[in-house]
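Hi,

Here is the structure I promised to pass on. Have a look at it first, and my notes follow below.

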Amino acid sequence: MMEALRLLAHDLALSGGLPASFQYGFVTNAVLCALLVGPVLGSIGTMVVTKRLAFFSQAVGQAALTGVAIGILIGEPPTAPYASLFGFCVLFALALNFTKNRTRMSSDTLIGVFLSISMAIGASLLVWVAGQVNVHLVDKVLFGSILTVNDLDIAVLAVMSGLVGVVGLARYNRMLLASFNPQLAKVRGVQVAFLDYVFVVMVTVITVASVKIIGAMLVEALFLIPAAAARIWSGSMRGFFAITVAISTVSTLVGILAPMEFDLPIPSGGAIILCASLFFLAATVSRLFTRHAS
Amino acid sequence: MRDDIATTARGPSIHIQGLGLTLGRSSILENVCVDIVPGTIHCLIGPNGGGKTSLLRSLLGQMPHTGTIRIDWPAGRRIGYVPQQLDFDRDLPMTVDDFMAITVQDRPVFMGLSRRKACAVAEVLDAVGMSQKRKRRMGALSGGERQRVLFAQAMLPFPDLLILDEPMAGVDEVGSQFIAKAVMDIRAKGTTIVWIHHDLAEVRELADTVTCLNRTVVFTGDPAEVLSPEHILEIFSHAHHHGKKP
């Protein structure tokens, strides 16, 4: 099916129906990924922002670096070390959540400690395995690259997006209520502790699946920036969700296509986040003007 | 006890025997014994830190404790709960309707209130005088208005047992009148109500039974009888002794 889609895009590009860059298969791959990543990260982002878990998503994104290093160390393909990536990041997120539920330490401090430990392990392992791989591969993991996206990456992303979408939508209200008041949520039959774990696993798996496109260092920004901009522009949760998903999807598409179309030497992850940041800047400026005018 | 209690209570009777609760090294509750009559308003009063909220949370099965809590449900087991406050970002674009949708339905809030729930939500918001502010952001409401919305969610579905953890805190005169009326309407339908309250004048007026709690039961009974100047002084002196506000 993927091959058929690439051929279709190729033919449309030749006949002028699509930009010339679609002659290349990797562009079609990247756009398909963008159409999955944008809506899913945007949707989950509304929950991340509402539940005030921005720092957590950053920690999980950066834990991916350690996952890659472990993957290279145990002999997984350097461009797709999915077993190590998913294994380490999910363990990291579960351990963090478990510890958070059992200490009185503030959430920020605890996440900072876990993030530092994970980064220290990741940096040490990467230096250790640096001789085994082309170091530029690490750049691609950190900042994203559409050139290395293949059918396996798209399949992983599609499966994870589907799972996260189904679970997240079915439990959207319950997850929010649990963060507003756990006691009230429990009275209403919400399994607060269980849903907390489900949420951190959801954030983790979709983060890992998006690393190829956006990069480990930047994936968390796509959870936050579109939702932060949309929060300014919207007057209800419906608007908040719709605007977040729109900004996230447009930013991902523009961030992937613009560097190619305009021959800009920047990675896809950077371009995506810069584009989302323009929306945030516009929202902030518009709010300043609105306040000034009123 | 008031004489206008619903003849057939839909709410449960509650029997608490020898309840004890310890957090770390501090003892929060010791040998608490309380009986709550079905279909009545039972107010809990006492100094801050006296264990009232802990008792409610034990009642809800949310805190490990010693002793026994027996709840005899005659029919349904629906519990309405009004917490002291909500912890959310005040800038979040969550309207009153959005909050109601989050609490009463599974359909994701960004899809709006379901048609099935919309009428019931309109009714309960009207009962607490918030029907004109349904499109307002929760973060833009006053503390008292937010409490009224919190009270409204507890009425859906209609509760057999209603647990109120200081719903009047920060509520203005108009708001507290709405809440008091709603509580009396709910009680008239036979619901058992357990209510933490600080306003002794209102307790005297609305409660069927009052229990003063300061780690253990200080006194319990008909408010007209037990809320005597001596007992009130006792609450204050306990509070003073422990350096707490009544």
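Let me start with a contact you can find by eye: the side chains of A:Arg174 and B:Asp106 form a salt bridge, at 2.9 Å from N to O. Do keep in mind that this is a predicted model. Between chain A and chain B the count is three salt bridges.

As for the rest of that interface, chain A puts 26 residues into the contact and chain B puts in 36 residues. Together the two chains bury about 2,800 Å², with 56% of it on carbon and sulfur atoms. On the chain A side, A:Asn173, A:Phe180 and A:Arg188 lose the most area to chain B, together 25% of what that side buries.

Now the inside. The largest nonpolar core has 164 residues, and A:Ile44, A:Ile214, B:Phe99 and B:Phe151 have the most contacts within it. Helix α10 of chain A (residues 192-214) gives the most to this core, 14 residues. From chain B, domain 1 (1-78 + 161-246) and domain 2 (86-157) each supply at least three residues. If you want a place to zoom in, try A:Ile44: leaving out residues up to four places away in sequence, it touches A:Val164, A:Phe199, A:Met202, A:Val203 and A:Phe223. Another core, of five residues, lies apart from the big one and includes A:Ala13, A:Phe22, A:Val27 and A:Val31.

One last bit, in chain B: strands β8 (residues 209-214) and β9 (residues 216-221) run antiparallel and are joined by five bridges. B:Cys212 in this pairing sits opposite B:Phe219 of β9(B). The hairpin has one residue between its strands, and B:Arg215 takes a positive phi near 70° there.

Cheers

Terms used
Residues are numbered from 1 along each chain as its sequence is written. Chains are lettered from A and ligands numbered from 1 in the order in which they are written. This is a predicted model: local features need pLDDT of at least 70, side-chain atom pairs count only at pLDDT 80 or more; totals for chains, interfaces and linings use all residues. Side-chain values use heavy atoms; hydrogens and water are left out. A nonpolar core is a set of buried Ala, Val, Leu, Ile, Met, Phe, Trp, Tyr and Cys residues joined through side-chain atoms within 4.5 Å. Buried means under 20% relative accessible area, exposed over 50%, partly exposed in between (1.4 Å probe, protein chains only). Helices (H or I, at least four residues) and strands (E, at least two) are DSSP runs, numbered from the N terminus. Domain bounds come from an automatic or database domain assignment. Contact means heavy atoms within 4.5 Å. Two strands pair if DSSP finds at least two bridges between them. Buried area is the accessible area (1.4 Å probe) that two parts lose on being put together, summed over both. A salt bridge is a side-chain nitrogen of Lys or Arg within 4 Å of a carboxyl oxygen of Asp or Glu.
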